[in-house]
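Please open the structure in a viewer and keep the sequence panel visible. The tour below proceeds by selections, each followed by what is to be found there.

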Amino acid sequence: MAPNSIQEHFADLPDPRRAQGKRHRLSDMIVIAVCAVICCADGWADVADFGRAKLKWFQTFLDLPHGIPCQDTFERVFARLDPDAFERCFMNWAAALAGSSRGKLVAVDGKKLRRSFAHAWDHSTAAHLVSAFVHENATVLGQLSVDCKENEIVAIPKLLGLLDLDGATVTIDAMGCQGGIAGKIVENGGDYVLAVKENQPTLHDALRRNLDEMILEKFKDVRHGFVETVDGDHGRIETRRLWVTDQLDDWLDEPQRSRWAGLKSVAVVEAVREGAPAPTPAVERRYFISSLAGTDAPAMADAIRGHWSVENQLHWVLDVSFAEDQSRHRKGHAAQNFSRLRRIALNLLRRETTKKRGIKGKRLNAAWDHDYLLRLLAG
């Protein structure tokens with residue numbers, strides 16, 4: 001049956017319950033929860049109600065000797081479920097779904113679940129997750145939680161260490177621009193494109209001074225690539241220019257270069273915005289370092305712009321189509337484990353292409369049509 005893929009990849013997930021008194025199989029609970037979340041469930045009460053409403057259908061491929069677990073059972077089990085073990089199973093399943101990362105762009109970024117805090121007076125306890133997202137097929141490869149006493153700089157290397165990055169290009173915003181993170185990517189066989197801002201003051205100053213001067217002198221006698229694009233929308237025109245050079249020895253000193261494993265090129269993006277609402281053109285420059293060799297400006301521009309797919313195709317969709325920011329799961333590991341169920345559902349919804357509908361429309365179709373839901377589960 002179609003759920004076999006999920007049951008197979010999550011079969012080794014440790015059950016947090018004692019054997020005594022255990023009435024429901026963990027694999028059955030995962031299949032029911034995934035189906036419920038695909039079909040618009042936003043909480044454990046929804047999951048239990050969905051299961052009871054579809055009991056006869058679930059019994060066609062699940063044993064369910066004691067019927068559907070109640071809301072409290074779902075919440076208690078998923079709150080105690082080891083998130084790291086759940087993530088390893090999720091990664092194995094996602095890797096089988098997405099295929100090799102070779103030649104693909106993997107965007108890494110963090111997201112806070114804004115209403116998952118335990119107390120209204122302490123929002124610092126809200127769950128914060130770092131995700132790895134494949135731009136080409138819009139698949140979530142992995143996700144790790146950031147400890148409330150840490151930040152993304154600690155979680156990103158852990159996540160990268162779990163991924164197969166051979167031949168992939170990893171993009172991270174300025175928070176992840178750290179020597180150790182660059183080293184982890186190269187060590188795992190990938191390339192990187194990292195945004196550089198004031199959190200790396202010496203490097204940022206060197207890039208800003210020298211690249212701005214090269215632009216002023218039209219990169220005279222400097223090996224480089226260049227590309228320009230123009231976009232117009234909502235009464236505003238944006239012109240984006242990108243310069244990339246691999247000629248670093250003349251101006252970037254050895255101590256700086258040695259901090260960044262595999263550093264081979266740097267880039268600057270200039271964005272000029274004209275039209276409403278700004279009365280005068282606004283100019284912004286952003287700087288990047290990369291382990292990509294050569295001066296292929298279009299490829300560099302694609303990587304930099306492709307990074308925003310993690311915001312537009314993952315975080316935005318989770319908030320709009322799954323109402324993730326409104327989620328109030330707070331007990332134990334419930335917030336990050338329910339978030340992982342959403343990402344399983346999103347991967348399956350994105351992979352199915354026979355319905356020419358958005359994510360919301362596909363979720364509704366799955367709730368109405370058992371055959372379509374089985375097709376989604378088949379991946």
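Begin with strands β6 and β7, which pair in the antiparallel sense over nine bridges. The model on display is a predicted one, and the residue numbers used in the selections count from 1 along the chain.

**Stop 1: β6, β7 and β8**

Select residues 225-233 for β6 and residues 236-245 for β7. To see the register between them, display V230, which stands opposite T239 in β7. Is β7 mostly covered or mostly open? Strand β7 is mostly covered, since seven of its 10 residues are buried, that is, under 20% relative accessible area.

Next, add residues 265-275, which form strand β8. Strands β7 and β8 run antiparallel and are joined by 10 bridges. Within this pairing, L242 has V269 of β8 as its bridge partner. Strands of a sheet pair through backbone hydrogen bonds, either parallel or antiparallel.

**Stop 2: the whole sheet**

Now widen the selection to the complete sheet. In which order do its strands follow one another? The sheet is open and consists of nine strands, arranged as β3-β2-β1-β4-β5-β9-β8-β7-β6, with mixed pairing. The edges are taken by β3 (residues 139-146) and β6, each of which has a single partner strand, so one side of each lacks a neighbour in the sheet. On average, neighbouring strands of this sheet are turned by 20° against each other, with direction ignored.

For an example of the parallel sense, select β1 (residues 105-112) together with β4 (residues 169-172). Four bridges connect this parallel pair. One position to label is V106, whose bridge partner in β4 is V170. When side chains are switched on, it helps to recall that in a regular strand they alternate between the two faces of the sheet.

**Stop 3: a helix across the sheet**

Keep β1 in view and add residues 309-322, which make up helix α12. This helix lies across β1, β2 (residues 128-134) and β3, and runs at about 40° to β1.

**Stop 4: two helix pairs**

Select helix α2 (residues 26-38) and helix α5 (residues 71-80). Their axes lie 12 Å apart, and the helices pack at an angle of about 105°. Angles of 65 to 115 degrees count as roughly perpendicular, and α2 and α5 therefore fall into that class. On the α2 side, show L26, M29, I30, I32 and A33; on the α5 side, show T73, F74, V77 and F78, which complete the contact. Sorted by class, this contact has eight nonpolar residues, one polar residue and no charged residues.

Then move to helix α7 (residues 152-162) and helix α8 (residues 179-187). What is the angle at which α7 and α8 pack? The value is about 5°, with the axes 10 Å apart, which makes α7 roughly parallel to α8. Here I153, I156, P157, L160 and G161 of α7 meet I181, K184 and I185 of α8. The contact of α7 with α8 has six nonpolar residues, one polar and one charged.

**Stop 5: salt bridges**

Finally, display the charged side chains; the whole structure holds 23 salt bridges. Select D205 in helix α9 (residues 201-216). The side chain of D205 meets that of R208 in a salt bridge, at 2.6 Å from N to O. D205 also forms a salt bridge with R209, whose closest N and O atoms are 2.9 Å apart. R208 is three residues from D205 in the helix, which places the two about one helical turn apart. R209 is four residues from D205, a separation that is again about one helical turn. D205 is partly exposed, with a relative accessible area of 29%, as are R208 at 34% and R209 at 45%.

Return to the edge strand β6 and select D231, which forms a salt bridge with R305; their closest N and O atoms are 3.0 Å apart. D231 lies in β6 and R305 in helix α11 (residues 297-306), so this pair ties together parts that are 74 residues apart in sequence. Both partners are partly exposed, D231 at 32% and R305 at 39%.

As a last selection, show K111, D319, E324, R342 and R343, which are linked in a network of salt bridges.

Notes
This is a predicted model: local features need pLDDT of at least 70, side-chain atom pairs count only at pLDDT 80 or more; totals for chains, interfaces and linings use all residues. Side-chain values use heavy atoms; hydrogens and water are left out. Two strands pair if DSSP finds at least two bridges between them. Axes are lines fitted to C-alpha atoms, for helices over the stretch in contact, and angles run from 0 to 180 degrees between N-to-C directions. Contact means heavy atoms within 4.5 Å. Angles under 35 degrees count as roughly parallel, over 145 as roughly antiparallel, 65 to 115 as roughly perpendicular and the rest as oblique. Ala, Val, Leu, Ile, Met, Phe, Trp, Tyr, Cys and Pro count as nonpolar, Asp, Glu, Lys and Arg as charged, and the others, Gly among them, as polar. Buried means under 20% relative accessible area, exposed over 50%, partly exposed in between (1.4 Å probe, protein chains only). A salt bridge is a side-chain nitrogen of Lys or Arg within 4 Å of a carboxyl oxygen of Asp or Glu.
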